[in-house]
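Biologist: I should like to request a close look at a single part of the structure shown below. Please then set that part in its wider surroundings.

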Amino acid sequence: MNAGVIGIGRYVPEKILTNFDLEKMVDTSDEWIRTRTGIQERRIAADNEDTSDLAYKAAVNALENANISAEDLDMIIVATVTPDQPFPTVSCMLQEKLGAKKAAAYDVSAACAGFMYGVITAKQFIETNAYKNVLVVGVEKLSKITDWNDRNTAVLFGDGAGAVVVGPVSEGRGILSFELGSDGTGGKHLYQDEHDHIIMNGREVFKFAVRQMGESAINVLDKAGLSKEDVDFLIPHQANIRIMEASRQRLDLPEEKMSKTIQYYGNTSAASIPISIVHELEQGKIKDDDLLVMVGFGGGLTWGAIAIKWGR
């Protein structure tokens, strides 16, 4: 039995923070941000809107798309580094809000690679016949840990949530291969400090990401017995357009075969890949039986990649 995505949804807050807004807050410019990151705007959650609220709205959309009820869920996995509070977990809050009475629930903390970790964990439960429906949510309210006086990081991050229901899919579809990895020696390059702010050594993270994203994308194709020519669409973590372009070039893909949503949402960490999938589905760029490669990296340092044949 293959595990795959049987439902997907997203939610992004209404408030838009543009580069021109940021020009008034820190010493930066729209041109500087766009040319170096690809970002034009990002979404910012309201003060009374916390991580669990974002997760709930994305989850409701995913359940509706999967045509199942919350009571059909066996497990909820939430990938986040910005929980409402240390505990109870966002997943437990979500379980209550959804009314998912029989679902086990826990959070995963792998930064921007968290969604990949969550989906691969869900795959194991499905393919061992332990569970039938697992909800995986990637969600962040990064605005609450962003130092809005630090021009190097303030321009990068946004808030949002993406959710998938992972379950059994038809023959030949679903997750074909995956790779998860970590390198704790690089943790010092991207972390949350004692003031609860994101600290990043941009140069080191850039070098790591360019190398690892390309390698992982190739590795999952090798594991699935596929080649670069088989890839229909690449969905990279939306962190920086130059990192994303390096991954695309490693796979020899034309520009139209790579998801690019960073200009609208910035870096939403664990939420970026599922938000991008929904965006591209709405644009008609992802179709049933397309071979997708998803690849992400994050603090830890962590990374993950998945080759998936899309469809139920």
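In which loop is the place of Ser-269?

Modeller: The model is a predicted one. In this model, Ser-269 has its place in the loop between α9 (262–265) and α10. The backbone of Ser-269 deserves attention, for its phi is positive, about 55°, although the residue is not a glycine. The general background is that most residues other than glycine have a negative phi, and most peptide bonds are trans. Ser-269 is also buried: its relative accessible area is 3%, and a residue counts as buried under 20%.

The two helices on either side of this loop lead to other parts of the model. Let us take the sheet first, and then return to α9.

The sheet is open and consists of five strands, in the order β1-β7-β6-β4-β5, with mixed pairing. Strands β1 (2–11) and β5 (104–108) stand at the edges; each has a single partner strand, so one side of each is left without a neighbour in the sheet. From one strand to the next, the twist averages 20°. Within the sheet, β4 (residues 75–79) pairs with β6 (residues 134–141) in the parallel sense, over five bridges. One residue pair may serve as an illustration: Val-78 has Val-137 in β6 as its bridge partner. Helix α5 (residues 114–127) packs on the sheet and touches β1, β4, β5, β6 and β7 (159–169). The direction of α5 makes about 170° with that of β6. Helix α10 (residues 272–282), which follows the loop of Ser-269, packs on the sheet as well, touching β1 and β7. The direction of α10 makes about 85° with that of β1.

On the other side of the loop is α9, and α9 is among the elements against which the buried residues of α2 pack; the others are α1 (19–23), β3 (41–44) and α8. The buried residues of α2 are Asp-30, Ile-33 and Thr-37. Seen down the axis of α2, these residues fall within an arc of 80°, so they line one face of the helix. A general rule helps here: an α-helix has 3.6 residues a turn, so residues three or four places apart point the same way. Asp-30 lies in helix α2 (residues 30–37) and has a relative accessible area of 10%. The side chains of Asp-30 and Arg-34 are joined by a polar contact of 2.8 Å. Beyond its neighbours within four places in sequence, Asp-30 is in contact with Asn-19, Phe-20 and Glu-23. Just after α2 comes Gly-38, with a positive phi of about 90°.

Helix α4 (residues 90–98) offers a further example of a helix with a buried side. Its buried residues are Val-90, Ser-91, Met-93, Leu-94 and Leu-98. They cover an arc of only 155° around the axis, which puts them on the same side of α4. The buried residues of α4 pack against α3 (51–66), β4, β5 and β6. After α4 comes Gly-99, with a positive phi near 75°.

Ser-269 may also be set beside Ala-111, which is not a glycine and has a positive phi of about 55°. Ala-111 is found in the loop between β5 and α5, and at 14% relative accessibility it counts as buried. Two cis peptide bonds can be examined as well. One joins Phe-87 and Pro-88, with omega about 5°, and Pro-88 is in the loop between β4 and α4. Another joins Gly-300 and Leu-301, with omega about -10°, and Leu-301 is in the loop between β12 and β13.

Those last two strands lead to the largest nonpolar core, which has 38 residues. Among these, Leu-234, Leu-251, Val-293 and Phe-297 touch the most other members. At least two residues of this core come from each of α7 (202–223), α8 (241–250), β12 (291–298) and β13 (302–309). Helix α7 gives the most, with eight residues. Leaving out residues up to four places away in sequence, Phe-297 touches several residues, including Cys-112, Ala-113, Phe-208, Met-213 and Trp-303. A second, separate core has 31 residues, including Ala-3, Val-108, Val-136 and Phe-233. As a general principle, nonpolar side chains tend to be buried together in soluble globular proteins.

Note on methods: Residues are numbered from 1 along each chain as its sequence is written. This is a predicted model: local features need pLDDT of at least 70, side-chain atom pairs count only at pLDDT 80 or more; totals for chains, interfaces and linings use all residues. Side-chain values use heavy atoms; hydrogens and water are left out. Two strands pair if DSSP finds at least two bridges between them. Helices (H or I, at least four residues) and strands (E, at least two) are DSSP runs, numbered from the N terminus. Axes are lines fitted to C-alpha atoms, for helices over the stretch in contact, and angles run from 0 to 180 degrees between N-to-C directions. Contact means heavy atoms within 4.5 Å. Buried means under 20% relative accessible area, exposed over 50%, partly exposed in between (1.4 Å probe, protein chains only). The arc is that of the directions from the helix axis to the C-beta atoms. A polar contact is a pair of N or O atoms within 3.5 Å; within protein, one must be able to donate a hydrogen and the other to accept it, and residues adjacent in sequence count only if both atoms are side-chain atoms. A nonpolar core is a set of buried Ala, Val, Leu, Ile, Met, Phe, Trp, Tyr and Cys residues joined through side-chain atoms within 4.5 Å.
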